[in-house]
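Hi everyone, thanks for coming. I'd like to walk you through one structure today, so let me put it on the screen and we can go through it together.

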Amino acid sequence: QAAQWTEFLSCPICYNEFDENVHKPISLGCSHTVCKTCLNKLHRKACPFDQTAINTDIDVLPVNFALLQLVGAQVPDHQSIKLSNLGENKHYEVAKKCVEDLALYLKPLSGGKGVASLNQSALSRPMQRKLVTLVNCQLVEEEGRVRAMRAARSLGERTVTELILQHQNPQQLSANLWAAVRARGCQFLGPAMQEEALKLVLLALEDGSALSRKVLVLFVVQRLEPRFPQASKTSIGHVVQLLYRASCFKVTKRDEDSSLM
């Protein structure tokens, strides 16, 4: 099994932190990254985690300088890579530079022993994870380029979502809550209780307080109980889950604990 995504600065086989000498990070087409020393010890030319075939010679696969720069290693200005034609070479260099520049946003995460210190970054946990996925893509192989395109698109969509959430006012939040519920056909509470439930969600979050999902659900259920004794944690929890999936909340992830909304 591959290492946790938060351990992206170390080799998932030998657990040594990547460096520019012995443990150079080499990303594979499947987006797993292993140090070159461990790659050279493989018995078969396939990813040790998902068995995806390695179609490019290991000595030809480029070092992942986007990761190396995060551990303070010396990164050369240029790395010679020969692709099938000149046009591909040009696009590769541009894409590689973009990924390396984006990777610098993970710099505050660089902790000791190859493990990221997640709480030190201004990026949200979803943004961190999507950016780590992009940084581990291998741009030399076709599969890696396809994965990089998907990762870049996902990162862009998440960026737009977070910008909207960060700048929306309470009226916009209310409209988004209603639109999310209507779009997902959430009518099982009944119109009256549904309206009250959404008003209570807004009331709980209007002062900017960050609440866990459990606390938010309990707050709504307790307030609904006098008028709607049939309200349950399960039904209200389902409403909160729908709103969560519709990106109506700004979410803060916490290590080994529930998220705050």
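Let me start with Asp59, which is exposed, because its relative accessibility is 58%. Before I go on, please keep in mind that this is a predicted model.

So which residue does Asp59 meet in a salt bridge? The partner is Lys36, with 3.8 Å from N to O. Asp59 sits in the loop between helix 1 and helix 2, while Lys36 belongs to helix 1, so this pair ties together parts that are 23 residues apart in sequence. Lys36 itself is partly exposed, at a relative accessible area of 22%.

How many salt bridges turn up in a search of the whole structure? The search finds seven, and I'll show you two others. One of them joins Asp101 and Lys97, whose closest N and O atoms are 2.9 Å apart. Both residues lie in helix 3, four residues apart, which is about one turn of the helix. Asp101 is partly exposed, with 37% relative accessible area, and Lys97 is partly exposed too, at 45%.

The other one is in helix 5. Here the side chains of Arg147 and Glu143 meet at 3.1 Å, N to O. Again the two partners are four residues apart within helix 5, about one turn. Arg147 counts as partly exposed at 27% relative accessibility, and so does Glu143 at 33%.

Now, let's go inside. In soluble globular proteins, nonpolar side chains tend to be buried together. Here the largest nonpolar core has 37 residues, and the members that touch the most others are Phe8, Leu28, Leu39, Leu67, Leu106, Leu134 and Val135. Strand 2 (33–35) and helices 1 (36–39), 2 (65–68), 3 (86–103), 4 (125–135) and 5 (142–167) each supply at least two residues of this core. Which element gives the largest share? That is helix 4, with five residues.

If you'd like one residue to zoom in on, try Leu39. Leaving aside residues up to four places away in sequence, Leu39 touches Ile26, Leu28, Val34, Ile54 and Ile58. There is also a second, separate core of 21 residues, and among its members are Met193, Leu198, Val240 and Val251.

Next, the cysteines. How many disulfides does the count come to? It comes to zero, and two cysteines make good examples. The sulfur of Cys14 has its closest cysteine sulfur in Cys11, at 3.7 Å, which is too far for a bond because a disulfide needs the two sulfur atoms within 2.5 Å. For Cys38, the closest cysteine sulfur is that of Cys35, 3.5 Å away, and this is also too far for a bond. As for their surroundings, Cys14 is partly exposed, at 25% relative accessible area, whereas Cys38 is buried, at 9%.

Last stop, the empty space. The count comes to one cavity of 30 Å³ or more, and about 140 Å³ of space lies in the largest cavity. Of the 14 residues lining it, Val63, Asn64, Tyr92, Lys96 and Cys137 are the closest to its centre. Helix 2 and helix 3 are the elements that give two or more residues to this lining. Where does the largest share of the lining come from? From helix 3, which contributes four residues.

That's my tour, and I'm happy to go back to any part of it on the screen.

Definitions and conventions. Residues are numbered from 1 along each chain as its sequence is written. This is a predicted model: local features need pLDDT of at least 70, side-chain atom pairs count only at pLDDT 80 or more; totals for chains, interfaces and linings use all residues. Side-chain values use heavy atoms; hydrogens and water are left out. Buried means under 20% relative accessible area, exposed over 50%, partly exposed in between (1.4 Å probe, protein chains only). A nonpolar core is a set of buried Ala, Val, Leu, Ile, Met, Phe, Trp, Tyr and Cys residues joined through side-chain atoms within 4.5 Å. Contact means heavy atoms within 4.5 Å. A salt bridge is a side-chain nitrogen of Lys or Arg within 4 Å of a carboxyl oxygen of Asp or Glu. On a 1 Å grid over the protein atoms alone, a cavity is a set of points where a 1.4 Å probe fits but cannot get out, and a pocket is an open set with protein on both sides within 12 Å along at least five of seven lines; lining residues have an atom within 4 Å of a point. Grid points are joined across faces, edges and corners, and a volume is the space filled by probe spheres set on the points.
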